[in-house]
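User: Please take a close look at a single part of this structure. Set it in the context of the chain before turning to its surroundings.

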Amino acid sequence: MTTGVERVSNAVEDGSLDVSQQVRTDIDIVSDPANPTIDGTTGNLTVHVRNTGSQAIFIRPDSVDMVLNGQFVPNSDFTITDANGAKTVARTGDVMAIEIDNSLVQTGDNRLYLTINSDEEVYEFRN
């Protein structure tokens, strides 16, 4: 009986930590949808994302879930870097640059869903 109560207590505690992390995570896409940043050489799209929450975000592809035009974007099809230097963690106010392979960007209207710790943002732009 005690073991069962301990497991339930631990599960509730773990769930509370997950919810706390989700609540403290907030991002904003700061790229201009009227003027998407397309590299003139590679054709890759760069989207700038600011951490506006109190939770630090690791600057690496496995921190981000992305869907572009209805297709899941695997980690191998984009890079994520510190937009202003070489940090590995984005703290409040820091901006990350996400560069997406040009083969995924359509001519015309595009819709990108970014999710970090359950905080989802949408970026709609025209290429």
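Analyst: Of the contacts (heavy atoms within 4.5 Å) in the protein chain between residues at least 6 apart in sequence, 60% join residues at least 24 apart. This is a predicted model, in which local features need pLDDT of at least 70 and side-chain atom pairs count only at pLDDT 80 or more, while totals for chains, interfaces and linings use all residues. Residues are numbered from 1 along each chain as its sequence is written, and side-chain values use heavy atoms, leaving out hydrogens and water.

The protein chain has one helix and eleven strands; these elements are DSSP runs numbered from the N terminus, helices being H or I of at least four residues and strands E of at least two. From the N terminus on, their order is α-β-β-β-β-β-β-β-β-β-β-β. Of the 127 residues, 32% are buried, where buried means under 20% relative accessible area, exposed over 50% and partly exposed in between, with a 1.4 Å probe and protein chains only. The chain exposes about 7500 Å², of which carbon and sulfur atoms supply 47%; accessible areas come from the Shrake-Rupley method with a 1.4 Å probe, and for residues only the protein chains shown count as cover.

The part chosen here is strand E3, residues 45-51. Five of the seven residues in E3 are buried, which leaves the strand mostly covered. Strands count as paired if DSSP finds at least two bridges between them. E1 runs antiparallel to E3 and is joined to it by three bridges; in this pairing, Ile27 has Asn51 of E3 as its bridge partner. E2 (residues 37-38) is also antiparallel to E3, with two bridges, and Thr37 stands opposite Thr46 there. Six residues separate E2 and E3 in a hairpin, and Gly43 in its turn has a positive phi of about 80°. Between E3 and E9 there are six bridges, again in an antiparallel arrangement, and His48 faces Ala97 of E9.

Thr46 shows how these surroundings look from one residue. Thr46 is buried, because its relative accessible area is 15%. Apart from neighbours within four places in sequence, Thr46 contacts Ser31, Thr37, Ala97, Ile98 and Glu99.

E3 also gives two or more residues to the largest nonpolar core, as do E1 (27-29), E5 (65-68), E7 (78-82), E9 (95-100), E10 (109-116) and E11 (119-126). A nonpolar core is a set of buried Ala, Val, Leu, Ile, Met, Phe, Trp, Tyr and Cys residues joined through side-chain atoms within 4.5 Å. This one has 23 residues, and Val47, Met66, Ile100 and Leu114 have the most contacts inside it. With neighbours within four places in sequence left aside, the contacts of Met66 include Phe72, Phe78, Ile98, Ile100, Leu112 and Leu114.

Elsewhere, the structure holds one aromatic pair. The ring centres of Tyr123 and Phe125 are 5.0 Å apart and the planes are at 25°, so the pair is stacked. Rings of Phe, Tyr and Trp (its six-membered ring) pair if their centres lie within 6.5 Å, and planes under 30 degrees apart count as stacked, over 60 as edge-to-face and the rest as tilted. Tyr123 is buried at 3% relative accessibility, and Phe125 is buried with a relative accessible area of 3%.
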